[in-house]
Amino acid sequence: MSEIVKQSWKKYLTALQLHPLRTKAITAGVLVGCSDVIAQKISGVKRLQFRRLLLLMLYGFAYSGPFGHFLHKLMDVIFQGKKGNKTVAKKVLLEQLTTSPWNNFFFMMYYGLVVEGRPWGLVKNKVRKDYPSIQLTAWKFWPIVGWINYQYMPLQFRVLFHSFVASCWAIFLNLKARSITTKKA
C-alpha cells in the first residue's frame, strides 16, 4: 500500500512541476468535491446531490485553484526576497484584508445564485445577513492557516495546503449556506 502512495505522490509532484496551474485547479476541484460530499452527509442528505457536487467542483477547478495559484505567485513578487516573521505577518495581513473578504463574498454569491439557483434578491439578503459573521469567523481561523502556509510551506505546496484546509472551511460555509434552506424545509 505504501508503495502505491509513494508512486502517486511522485506522479503528483511531477504534474505539479510540469503543469502547476492545471494540477492546482484539479486538486482544488477534487478537494472541494470531497468537502461537499462530507457536508451533504453531515447535513443529513439522503441521496447525494450530484448537480450541487459538480457545481462546487467547478468552483474549485475554475476559481479557487487558479486564484490561489496566482495569489501566491503575486505574493512572492510583492515580497520578493524578503523573509522572516515580519514579512510573513505582512503577507497574512494583506491576504486577510483583501482576498479573504472577497473569497467569502464570492463563494456565498456563487452558492446562492448558481448552486442553489435562488433569485438575486434572496441571495443579496442572505449575504447581507450572514456575511459579517462568516467573515469575522474567517478572521479568527484563516490568519493561523496563512501564517503556517507562508512560514513553513514551499511555494509549490501553498495552494495544496490552502486547498486542503479550505475543504474543511468549505464544509463550514456549505453548512452555513444551507442553514436557512434546512430550517425552512
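**Notes on the cavities, a pocket and two residues**

1. Helix 7 gives eight residues to the lining of the largest cavity, the most of any contributor. Helix 7 covers residues 155-184, and the other elements that each provide two or more lining residues are helix 2 (20-42), helix 3 (50-78), helix 4 (85-97) and helix 5 (99-115). Please keep in mind that this is a predicted model.

2. How many cavities of 30 Å³ or more does the structure hold? There are two. The volume of the largest cavity comes to about 450 Å³. As a reminder of the idea behind such values, rolling a probe the size of a water molecule over the atoms shows where empty space is left.

3. Now to the walls of that space. The lining of the largest cavity is made up of 25 residues, and those nearest its centre are S64, N103, W142, H162 and A166. Sorted by class, the lining has 13 nonpolar residues, 11 polar ones and one charged residue. If you want a starting point for viewing, you could centre on the five residues just named, S64, N103, W142, H162 and A166.

4. The largest pocket deserves its own paragraph. It contains about 240 Å³ of space. Which residues lie closest to its centre? They are K82, K83, K91, Y150 and R158, out of 14 that line the pocket. By class, five of the lining residues are charged, five are polar and four are nonpolar.

5. As for where the pocket lining comes from, helix 4 and helix 6 (120-152) each supply at least two residues. Helix 4 has the largest share, with three residues. Helix 4 is also among the elements that give two or more residues to the lining of the largest cavity.

6. A word on the annotation: an unreviewed UniProt entry lists residues 53-71 and 155-175 under "transmembrane region". In the model, the stretch 53-71 is 100% helix and 0% strand, and its end C-alpha atoms lie 25 Å apart.

7. Next, a helix pair. Two packed helices are described by the angle between their axes and the distance between the axes. For helix 4 and helix 5, the angle is about 35° and the axes are 3 Å apart. On the helix 4 side the contact uses L94, E95, Q96 and L97, which meet T99, S100 and P101 of helix 5. By class, this contact has three nonpolar, three polar and one charged residues.

8. S100 belongs to helix 5. Is S100 buried or exposed? S100 counts as buried because its relative accessibility of 8% falls under the 20% cut-off. With residues up to four places away in sequence left out, S100 touches E95, Q135, A138 and W139. The C-alpha atoms of S100 and Q7 are separated by 35 Å, with their positions 93 residues apart along the chain.

9. F157 is found in helix 7. F157 has a relative accessible area of 18%, which is under 20%, so F157 is buried as well. Where neighbours within four places in sequence are set aside, the contacts of F157 are W9, L13 and L16. F157 and K24 are 133 residues apart along the chain, while their C-alpha atoms are separated by 9.2 Å.

How values were computed. Residues are numbered from 1 along each chain as its sequence is written. This is a predicted model: local features need pLDDT of at least 70, side-chain atom pairs count only at pLDDT 80 or more; totals for chains, interfaces and linings use all residues. Side-chain values use heavy atoms; hydrogens and water are left out. On a 1 Å grid over the protein atoms alone, a cavity is a set of points where a 1.4 Å probe fits but cannot get out, and a pocket is an open set with protein on both sides within 12 Å along at least five of seven lines; lining residues have an atom within 4 Å of a point. Grid points are joined across faces, edges and corners, and a volume is the space filled by probe spheres set on the points. Helices (H or I, at least four residues) and strands (E, at least two) are DSSP runs, numbered from the N terminus. Ala, Val, Leu, Ile, Met, Phe, Trp, Tyr, Cys and Pro count as nonpolar, Asp, Glu, Lys and Arg as charged, and the others, Gly among them, as polar. UniProt positions are given in the numbering used here, feature names are shortened, and annotations may be inferred rather than shown by experiment. Axes are lines fitted to C-alpha atoms, for helices over the stretch in contact, and angles run from 0 to 180 degrees between N-to-C directions. Contact means heavy atoms within 4.5 Å. Buried means under 20% relative accessible area, exposed over 50%, partly exposed in between (1.4 Å probe, protein chains only).
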